[in-house]
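Here's a quick walk through a structure, written for someone who likes to see the cut-offs next to the values. Have the viewer open while you read.

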Amino acid sequence: MKKNWFYLALGLTFIASGSAHYLGLSSILQFALAGVAIIFVAGFLGRATESVAHYAGDRLGGFLNATFGNAAELIIAIILIKDAVNGKPALFDTVKASITGSIIGNLLLVLGLSVLLGGLKFKNQTYNIRMASHSSSLMLLSVIALFIPAMFASRMNHEHLTTLSLTVSILLVAAYFLWLLFSMVTHKNELADEAVEHGEAAWSKKLSILFLVLATVMVALVSEWMVGTLEDFSHRFGLSELFVGAFVIAIVGNAAEHSAAIMLALKNKIGAAVEIAVGSSLQIALFVAPVLVIVSALMGQTMDIVFTIHELVAIGVAVFIASSISRDGSTNWYEGVLLLTVYVILGFAFFLLM
Amino acid sequence: MKKNWFYLALGLTFIASGSAHYLGLSSILQFALAGVAIIFVAGFLGRATESVAHYAGDRLGGFLNATFGNAAELIIAIILIKDAVNGKPALFDTVKASITGSIIGNLLLVLGLSVLLGGLKFKNQTYNIRMASHSSSLMLLSVIALFIPAMFASRMNHEHLTTLSLTVSILLVAAYFLWLLFSMVTHKNELADEAVEHGEAAWSKKLSILFLVLATVMVALVSEWMVGTLEDFSHRFGLSELFVGAFVIAIVGNAAEHSAAIMLALKNKIGAAVEIAVGSSLQIALFVAPVLVIVSALMGQTMDIVFTIHELVAIGVAVFIASSISRDGSTNWYEGVLLLTVYVILGFAFFLLM
Amino acid sequence: MKKNWFYLALGLTFIASGSAHYLGLSSILQFALAGVAIIFVAGFLGRATESVAHYAGDRLGGFLNATFGNAAELIIAIILIKDAVNGKPALFDTVKASITGSIIGNLLLVLGLSVLLGGLKFKNQTYNIRMASHSSSLMLLSVIALFIPAMFASRMNHEHLTTLSLTVSILLVAAYFLWLLFSMVTHKNELADEAVEHGEAAWSKKLSILFLVLATVMVALVSEWMVGTLEDFSHRFGLSELFVGAFVIAIVGNAAEHSAAIMLALKNKIGAAVEIAVGSSLQIALFVAPVLVIVSALMGQTMDIVFTIHELVAIGVAVFIASSISRDGSTNWYEGVLLLTVYVILGFAFFLLM
């Protein structure tokens, strides 16, 4: 009975939000409707992720959630790059700002909220310490790979910088696939969380996967509708491109990760929540960003992998604090406070930047 | 019998040092008398801290020691800020230099000496590893909070920088109070060291607290008398303001932490010693420094939270090496050597700076 | 029978390579012969190291290997410094480039290959976690000691910079000897790996040590012959001095560490392999580099300890990723991939540098 109401609300708000978008109603109305719709589609996605995790295990479930969540971002970024290659090179900066925002949004906001809310409900939440240790090393690789081109850029000509960007990108994609091989095949068992008591699954296995795909698509659509209105809003309120790209769009764009990770943390499955948050930012840094460089090269104008000093600082501090907190394989509410504090400080700093 | 001699010497040297100060005798005489007096008042403070720790536990005892020790520094800094607001803005730099010196003095010199001397007496000294892990994350937050404004300052106007400094300060004070809530209330038990066999306490509970306050006030007074003479000395020997602020004043100003921490380490209570050293620098970074920014704003001219690159390097390397060493919850003499080596290198570098 | 063939090939290729060098044959022929000879002498060194480790323990064996390996580098560097003092100051930069290359070569390439190949044969390889933790702290000290002079150099005159370089160097050498005292005397037992089942030793104790010295000298000679031809090659292919110093020479110059470490890793003695790789880079940073500064001062013109920003970045990222990976006292193939990925990225960046 309760569930039927939920699906009814899900369908109605989704249709209302979509109609407002395609009919081009006022952006305030569009924003309000998308804001209500995203609550229900995110809830739907959370349920689907959990049901898939019931069959596939927490880690694979988390990986699927991260992948579907980032697929939408990848597609949006490729569209931007196409425009950038066709005469709007400034859009390369927008793409990099949204990559930055997505990494720090996952590592600080998604992880911070999951750890805080999970920690308020359960005193200590633990997960596989080996997984945490490996994730830290991979996050460090991401920072190094973005840091080196930026440090060497001033003493390279454009051609060499393009070569370096492409080489680093190819190496990162290779490292990411080997990581999947390592964590999903050769060392799968020792990286798994302890068996968690799962309740009955909501749906059958096939239906769960189908609903996961469906829910992700719905979240992606509603996010996009919301992002469209946000740009209008941001100009009205005088927000900078960098701030909108790195914070506003990233928060809405990561709705999939938010809803699923927090829901899992509240069910004491913090390992899966960490997998979504950390796994998603690793995927952005080691897969999405390099693929965008490679795609731009195939389109004829290579986007270099040189981030601004402010973006590097943001990514660096996010990685260091998340790594310091997650390294011991145990979380509590105060660690959530630490992550969110760093996020808010970064948000203010970017907001005040000229 | 032995104790009576101690209290007699304590009283006499304290009165002699105070008299020399208020009568304005030669600074060499003042320095010598304060140097003798500080040995006895520091010894008195060490006893009082240990006696309070007997009743309140090592961690609360350490916290009280750090708090009383920093209270004096906070008051001196507020006086400097009052002068800075009234037309001597250069004093803001002196305040920041002394904050820097206090953080690295606690993390490298106090912790280094405690770990070295404790390690020469006991082969390995252990303490609660969870506490060490949390302290590391908090130290990292301090570095991040000081690092971000410095990195963003060049692209902000004065007004925005003031806003950012105030915002960061308020967030840090909030994070510090939540940390107290976390470590003293919600997760108190699991952060405690294993029950240590305590001997009989020197005094009753009330008398211990009274003596702790009294000893702290005496240490603060003698430190101030000594600092007064040191400035005269430093001009005579051509030392820079920065070096005096960050090293000379900080070493004398942290006499309270020094004496108590080393005494505890020599009694194999390294957990309490680390609590004093690390806890004191956390309090400086997360409470004293932000409160000074807020106080300056209330006085009408906000001190920004932008430290020089050399100060940031000093704080950064101190946090990284202290964190690397303390993270495993075990210390030995060589780790003390490492901390002191970094301190001496930093001292030389600041001394040679033009 | 099989062994006799090995020693015959060892002797013949060594003599052939030496003859080509001293007869001044074409550099292509010299390179080819040295390339074949180095396979056999490196194999000989690996056997000798293992046999010594059988008697002296893995750690002392590893230390001896690192020391003999670095002795050759120290001698070559002193010859360069002599030339630098006598009117070719640019050679100071070559010395620093080769120090950089040796540190990152050991931490990334030697360690990476050992961990990767060992990890492909054994699922997880473990070693003493305390040793790993201490090594991390020491590596951090190395980075700090090289980082501080570079950060302070711009605000110091030449005389002060020389004083700082000498002071830091003396402190580092002192720290290194205290480290040997700590790890080989006062805390020897708790830093040892668990007793490993050793097979029968190849030779008697005395003969093992004799062969270790002999093999090291042979490796040093063949490396030098190869280095001589490489410089000719590098000019022909237009490689920069920095790239040749930091990568080409370092790879060949570390042949001793390579062969021994990989051979030990393949016999599941990863602790000894890590000791060689990490111990060798620690020895370079904390002993070889400072001794070179002191030697140059004794020759009348002090080489400062200021590395370029690119060298510091390379050393810094190598230390951070190696530390992140080794800190848990366990290795697997993917950690080898991570180390090698960072090495290749750095190699490309230096190669493309103008």
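## Starting from one residue

Asn70(C) sits in helix α3 (residues 58-85) of chain C. Helices here are DSSP runs of H or I with at least four residues, strands are runs of E with at least two, and both are numbered from the N terminus. Before going further, note that this is a predicted model: local features need pLDDT of at least 70, side-chain atom pairs count only at pLDDT 80 or more, and totals for chains, interfaces and linings use all residues. Residues are numbered from 1 along each chain as its sequence is written, while chains are lettered from A and ligands numbered from 1 in the order in which they are written.

Is Asn70(C) buried or exposed? Asn70(C) is buried, because 25 other C-beta atoms lie within 10 Å. The cut-offs are 20 or more other C-beta atoms within 10 Å for buried, 12 or fewer for exposed, and partly exposed in between, with C-beta atoms placed from the backbone. Skipping neighbours within four places in sequence, Asn70(C) is in contact with Ser280(C), Gln283(C), Ile284(C) and Val288(C). Contact means that the C-beta atoms, placed from the backbone, lie within 7 Å. As for Ser169(C), 99 residues away along the chain, its C-alpha atom is 18 Å from that of Asn70(C).

## Two helices of chain C

Next, a pair of helices to set side by side; the expected span is 1.5 Å times one less than the number of residues.

| Helix | Residues in helix | End-to-end C-alpha distance | Expected span | Buried residues |
|---|---|---|---|---|
| α4(C) | 32 residues | 45 Å | 46 Å | 27 of 32 residues |
| α11(C) | 18 residues | 25 Å | 26 Å | 15 of 18 residues |

Both are mostly covered, α4(C) and α11(C) alike. Where does α4(C) bend? The bend is at Gly105(C), by about 40 degrees, taken as the angle between axes fitted to the seven residues ending there and the seven starting there.

## Chain A as a whole

Chain A has twelve helices and two strands, and along the sequence they run α-α-α-α-β-α-α-α-α-α-α-α-β-α. Its C-alpha atoms fill a box of roughly 65 × 50 × 35 Å along the principal axes. The radius of gyration of chain A is 20 Å, which agrees with the value near 20 Å for a compact globule of 354 residues. That radius is taken over C-alpha atoms, and the globule rule is 2.2 Å times the number of residues to the power 0.38. Buried residues account for 57% of the 354 in chain A. Of the contacts in chain A between residues at least 6 apart in sequence, 84% join residues at least 24 apart.

## How the chains meet

Chain B superposes on chain C with an RMSD of 0.0 Å after a rotation of 120 degrees and 0.0 Å of shift along the axis. These two copies are therefore related as by a three-fold rotation axis. Superposition is by least squares on C-alpha atoms of residues with pLDDT of at least 70 in both copies.

At the meeting of chains C and A, 24 residues of chain C are in contact with 24 residues of chain A. On the side of chain C that touches chain A, α11 (309-326) and α12 (333-352) each supply at least two residues, and α12(C) gives the most, with twelve. By class, that side has 18 nonpolar, four polar and two charged residues. Nonpolar covers Ala, Val, Leu, Ile, Met, Phe, Trp, Tyr, Cys and Pro; charged covers Asp, Glu, Lys and Arg; the others, Gly among them, are polar.

How values were computed: Contact = placed C-beta atoms within 7 Å.
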